[in-house]
Amino acid sequence: MLINPHDRFFKEMMGDVENAQAFLETYLPPKILQTIDVDTMRAEKDSFIEQDLKEFYADLLFRATIRTRKAYVYILLEHKSYSDQNIGMQLLRYMSAIWDKEIKKQKNRRLPLILPIVIYQGKEKWGASTQFADRIEGVETMEGSLKKAIPHFEYYLYDFSSNSGEEIKGPDDLRLYLETIRMASIKDPEKFKEAYLRITTVFVTREETERSERLYGTFIHYIYYLTAREDFSRLVQLTRTVSVERSERMQTIAEWLIQDGMEKGREQLLWKQISKKFPQVPKAYYEKLKTLTIDQLDNLGLELMDMQNEEELKKHLPM
């Protein structure tokens, strides 16, 4: 299973500029939205999440024009089971990293505005303050002169946990994404199935365009990694009550993912064995290893035991 199945789903859906634009147009306060030229939004490749936090967060950075100036929209996905009191601290760290990159480009230039947005899909309703200053002890009774020493910013929080009551709205693709991440936070198995069936029915009734089919494939990938194998099999059968065609496609995707997982598992195990036997072997061989079929991997694994030197390995992994 992926360490963070939410990351891929989030980046494939919200990384689509049209969906990101639709999210801002649907959910930002009108006074803020009118300052942003959403047509100028462009996705950046940068990610600022530390490796040890990728299990709990995913992020996207967009360049945009705000009040006719270059600026950024930074969207952080929070999918812990509970609201995190330290999210403001993390945002401050990631915003500083964005500004650091700007300083390296042009040291004396004034820094661009960053609009921080948090999308939350945990299992409990969000309860943390969206004001960074509220994280400072005693801020409530602090005199104004002391408050000047505190960084002041507020992030826009959108809670799509199953108990939040946040209305899901916007264009079709955006609603399907938000309905799906809300479904992922549902604890009750029967309510989860009801939500899944409702979303699947929408896909069945939609026109089968290339975009719609790609979205459905992304949805099934997410469900596959989100659920246990036996639960996924039950969902395949549940889908059959709505559409035999969709049910069969689910099964095909699952078989492909299982096969892909088996190949990657074999690759990683075999590379460990190769590295142990030939400690100086170049890492470039691992890239070649990833191009082999399962039968070729199995054959290499059997012959590896009798290999005496790297020259024999090269016969199986020609560079």
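## Surface and overall dimensions

The accessible surface of the protein chain in this predicted model comes to about 17,900 Å². Carbon and sulfur atoms account for 50% of that area. Of the 319 residues in the chain, 44% are buried.

Taken along the principal axes, the C-alpha atoms fill a box of roughly 75 × 55 × 40 Å. The secondary structure consists of 13 helices and 5 strands. When contacts between residues at least 6 apart in sequence are considered, 64% of them join residues at least 24 apart.

## Helix H1

Helix H1 spans residues 5-14, and its buried residues are Pro5, His6, Phe9, Phe10, Met13 and Met14. These residues lie on the same side of H1, because they cover an arc of only 120° around the axis. An α-helix has 3.6 residues a turn, so residues three or four places apart point the same way.

What do the buried residues of H1 pack against? The helical partners are helix H2 (17-27), helix H6 (172-184) and helix H8 (210-226). The buried residues of H1 also pack against strand S2 (57-66), strand S3 (69-78) and strand S4 (113-120).

## Largest pocket

The volume of the largest pocket is about 490 Å³. Its lining is made up of 22 residues, and those closest to the pocket centre are Lys123, Ala184, Ile186, Phe192 and Leu226. Two elements, helix H7 (189-205) and helix H9 (229-240), give two or more residues to this lining.

By residue class, the lining of the largest pocket holds 7 nonpolar, 7 polar and 8 charged residues. Among the residues closest to the centre is the lysine Lys123, listed there together with Phe192 and others.

## Cavities

How many cavities of 30 Å³ or more does a search of the whole structure find? The search returns 2. The second largest of the cavities contains about 30 Å³ of space.

Which residues line the second largest cavity? The lining consists of Glu102, Ile103, Gln106, Arg109, Arg110, Leu111 and Pro112. In terms of class, the lining of this second largest cavity divides into 3 nonpolar residues, 1 polar residue and 3 charged residues. Glu102, Arg109 and Arg110 are the charged members, Gln106 is the polar one, and Ile103, Leu111 and Pro112 are nonpolar.

Key. Residues numbered from 1 in each chain as written. Predicted model: local features only at pLDDT ≥ 70, side-chain atom pairs only at ≥ 80, totals over all residues. Heavy atoms only, no water. 1 Å grid on protein atoms, 1.4 Å probe; cavity = no way out; pocket = protein on both sides within 12 Å on 5 of 7 lines; lining within 4 Å. Points joined across faces, edges and corners; volume = space filled by probe spheres on them. Helix = DSSP H or I, 4+ residues; strand = E, 2+ residues; numbered from the N terminus. Buried < 20%, exposed > 50% of the residue type's maximum accessible area, 1.4 Å probe, protein only. Contact = heavy atoms within 4.5 Å. Areas by Shrake-Rupley, 256 points an atom, 1.4 Å probe, with all protein chains shown as cover. Arc of directions from axis to C-beta.
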